[in-house]
Amino acid sequence: MSELLDEASLVRIEREHPDGLTSQQILALLEQAQVNFSEASLRKYVQLGLLPRSVRVGRKGKHQGSQGLYPASVVRQIVRIRAMMAQNYTIEQIQKEFLFVRGEIEELERLLSKIFQTLEGSLAEAASEPVRRALMAELAGARASARDLTERLVSIEGRLVTKARVERAAG
C-alpha cells in the first residue's frame, strides 16, 4: 500500500466524503498518493464485481443533471486490490478468494448509521416525553440488531474467504 494511503488517510477520506466520491475525485486521490490507476481500470473493476457501481445523485441547481458517486470505501478497496495484485494474485483469485462484500457491508453500516441519525433527529419532535422514551428504546434495539447483522455478515465472509484460501493452498 502506498504510504500516502495508510489507514489514517483512508479513514480521513471516508470521514470527509460520507456521501461518496466521483470517479474524478477517486482518480485524483490515487494520483496524489502515486498509485497508478486509470478510469478504464475503475470501470473494469466495477464490471468484474470488485467494486460497487456508482449511484446517480442529482446536483443542486437548475439543469445540473446528476453525477455518479462511489462510496468513499472504494479507495480502500482499490488499494487492497492493488496490494494483492502486487503479491501476484490474479483478478480471478481476488474475485474468488476475497469476496469483497466487505465494501458492501461497510456501505450498509454507513447507510444504517445515516438512517439512525435521521430517526434520532426526528425523535426530538416527538409529541410527548413517554412517546419519545419508548421510541428511543425501540431505536436502541434496532441499532443493536443492525450491529449484530453486520457482525454476522463479516463472520460469514471471513469463513468463506478462509475456505477459499485453504482450497487454493491444497490445490
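From the N terminus on, the elements of the protein chain follow the order α-α-α-β-β-α-α-α-α. The chain thus described belongs to a predicted model. Its elements amount to seven helices and two strands.

**The chain as a whole**

The protein chain has 171 residues, of which 32% count as buried. It exposes about 10,900 Å², and carbon and sulfur atoms supply 54% of that area. Among contacts between residues at least 6 apart in sequence, 62% join residues at least 24 apart.

**The packing of H2 and H4**

Two packed helices are described by the angle between their axes and by the distance between those axes. Helix H2 covers residues 23-32 and helix H4 covers residues 73-86; they pack at an angle of about 50°, and their axes are 10 Å apart. H2 and H4 are therefore oblique to each other. The crossing in which H2 passes H4 is right-handed. The residues that make this contact are listed below.

| Helix | Residues in the contact |
|---|---|
| H2 | Ile26, Leu29, Leu30 |
| H4 | Val74, Val75, Ile78 |

By class, the contact of H2 with H4 has six nonpolar residues, with no polar and no charged ones.

**The loop before H2**

Thr22 lies in the loop between helix H1 (7-16) and H2. Is Thr22 buried or exposed? With a relative accessible area of 10%, Thr22 is buried, because buried means under 20%. Leaving aside residues up to four places away in sequence, Thr22 touches Gln67, Gly68, Leu69 and Tyr70.

Note on methods. Residues are numbered from 1 along each chain as its sequence is written. This is a predicted model: local features need pLDDT of at least 70, side-chain atom pairs count only at pLDDT 80 or more; totals for chains, interfaces and linings use all residues. Side-chain values use heavy atoms; hydrogens and water are left out. Axes are lines fitted to C-alpha atoms, for helices over the stretch in contact, and angles run from 0 to 180 degrees between N-to-C directions. Helices (H or I, at least four residues) and strands (E, at least two) are DSSP runs, numbered from the N terminus. Angles under 35 degrees count as roughly parallel, over 145 as roughly antiparallel, 65 to 115 as roughly perpendicular and the rest as oblique. A crossing is left-handed if the near helix is turned anticlockwise from the far one by less than a right angle, and right-handed if clockwise. Contact means heavy atoms within 4.5 Å. Ala, Val, Leu, Ile, Met, Phe, Trp, Tyr, Cys and Pro count as nonpolar, Asp, Glu, Lys and Arg as charged, and the others, Gly among them, as polar. Buried means under 20% relative accessible area, exposed over 50%, partly exposed in between (1.4 Å probe, protein chains only). Accessible areas come from the Shrake-Rupley method with a 1.4 Å probe; for residues, only the protein chains shown count as cover.
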